[in-house]
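The following questions and answers introduce aromatic contacts and backbone angles to a first-year student. Please examine the sequence and the structure before reading on.

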Amino acid sequence: MPRIEEANGLPGASYRAKFLPPRLDPTLRSATAQGPYSISFETSATITAVDLEACFNLIASSSANAYAASSIGWSPVKKRKEMKLPDLRYLLLKDSITQIQGFLSFMLTYEDGHEVVYCYELHLAPALQRQGLGKYLMSLVETVGTNAGVEKSMLTVFVENDTALKFYERLGYTKDDYSPEPR
């Protein structure tokens, strides 16, 4: 069985054990963000409806306008459907009362015939931005890709989102040869 299909066929606990480090607890870069925070791993089948809605609300509050201005538009129905794709995985950042403060969704998949780990969404509550948490979540996804043996990690970012572009550039991401031209 091909590597991607084998990985995506693993139950959540086996996937986590095989591809992620044993401890997921983040370290904050600044004391201005109140902790402690924890990170949990979920699949699209195991994430609770409450947590999924909290993730959706983070997307809507930070990206709905960018989606609406893009050629694909903003469709809450389509975004919710995407969020339930069978192979999608979640890293949920929760505060001490277990409320979602951020998340990263990702998938081991193929992009233009290449095995990749694809970051679908990365969103943090505004108070937690620029604290090292986004970088840490991205490092976990890159660890998944390394442990799965895929060629690269990929993501999509709105070209108008200068803050995100600079963030990903600092992490070493560049425009991929297969990236579509801005529309």
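A residue is called buried if its relative accessible area is under 20%, exposed if that area is over 50%, and partly exposed in between. The model discussed here is predicted.

Q: Is Tyr-67 buried or exposed?
A: The relative accessible area of Tyr-67 is 12%. Buried means under 20%. Tyr-67 is therefore buried.

Q: How does Trp-74 count at 25% relative accessibility?
A: Buried requires a value under 20%, and exposed a value over 50%. At 25%, Trp-74 meets neither condition, so Trp-74 counts as partly exposed.

Q: How many aromatic pairs does the structure hold, and why is the pair of Tyr-15 and Phe-41 stacked?
A: The structure holds 10 aromatic pairs. In one of them, the ring centres of Tyr-15 and Phe-41 are 5.5 Å apart. Planes under 30 degrees apart count as stacked. The pair is stacked because its planes stand at 10°.

Q: How many residues apart are Tyr-15 and Phe-41?
A: Tyr-15 belongs to helix H2 (residues 12-19), while Phe-41 belongs to strand S1 (residues 38-43). Their pair thus joins distant parts of the chain, and both residues are buried. The separation is 26 residues.

Q: What angle lies between the planes of Tyr-67 and Trp-74?
A: These two residues form an aromatic pair with a centre-to-centre distance of 5.5 Å. The pair is tilted, with an angle between the planes of 45°.

Q: Which residues do ring pairs link into a cluster with Tyr-15?
A: Ring pairs can join several aromatic residues into one group, and Tyr-15 belongs to such a cluster. The other members are Phe-19, Phe-41 and Phe-106.

Q: At what distance from the ring centre of Tyr-15 does Arg-89 lie?
A: Two arginines are considered here. The charged end of Arg-80 sits over the ring of Phe-56, 3.7 Å from its centre. Arg-89 lies over the face of Tyr-15, and its distance from the ring centre is 4.4 Å.

Q: What is the phi of Asp-112?
A: Most residues other than glycine have a negative phi. Asp-112 lies in the loop between strand S3 (100-111) and strand S4 (114-124). Although Asp-112 is not a glycine, its phi is positive, at about 55°.

Q: Is Arg-130 buried or exposed?
A: Arg-130 lies in the loop between S4 and helix H5 (133-148), and has a positive phi of about 65°. Exposed means over 50%. At 57% relative accessibility, Arg-130 therefore counts as exposed.

Conventions. Residues are numbered from 1 along each chain as its sequence is written. This is a predicted model: local features need pLDDT of at least 70, side-chain atom pairs count only at pLDDT 80 or more; totals for chains, interfaces and linings use all residues. Side-chain values use heavy atoms; hydrogens and water are left out. Helices (H or I, at least four residues) and strands (E, at least two) are DSSP runs, numbered from the N terminus. Buried means under 20% relative accessible area, exposed over 50%, partly exposed in between (1.4 Å probe, protein chains only). Rings of Phe, Tyr and Trp (its six-membered ring) pair if their centres lie within 6.5 Å; planes under 30 degrees apart count as stacked, over 60 as edge-to-face and the rest as tilted. A charge sits over a ring if NZ of Lys or CZ of Arg is within 6 Å of the ring centre and within 35 degrees of the ring normal.
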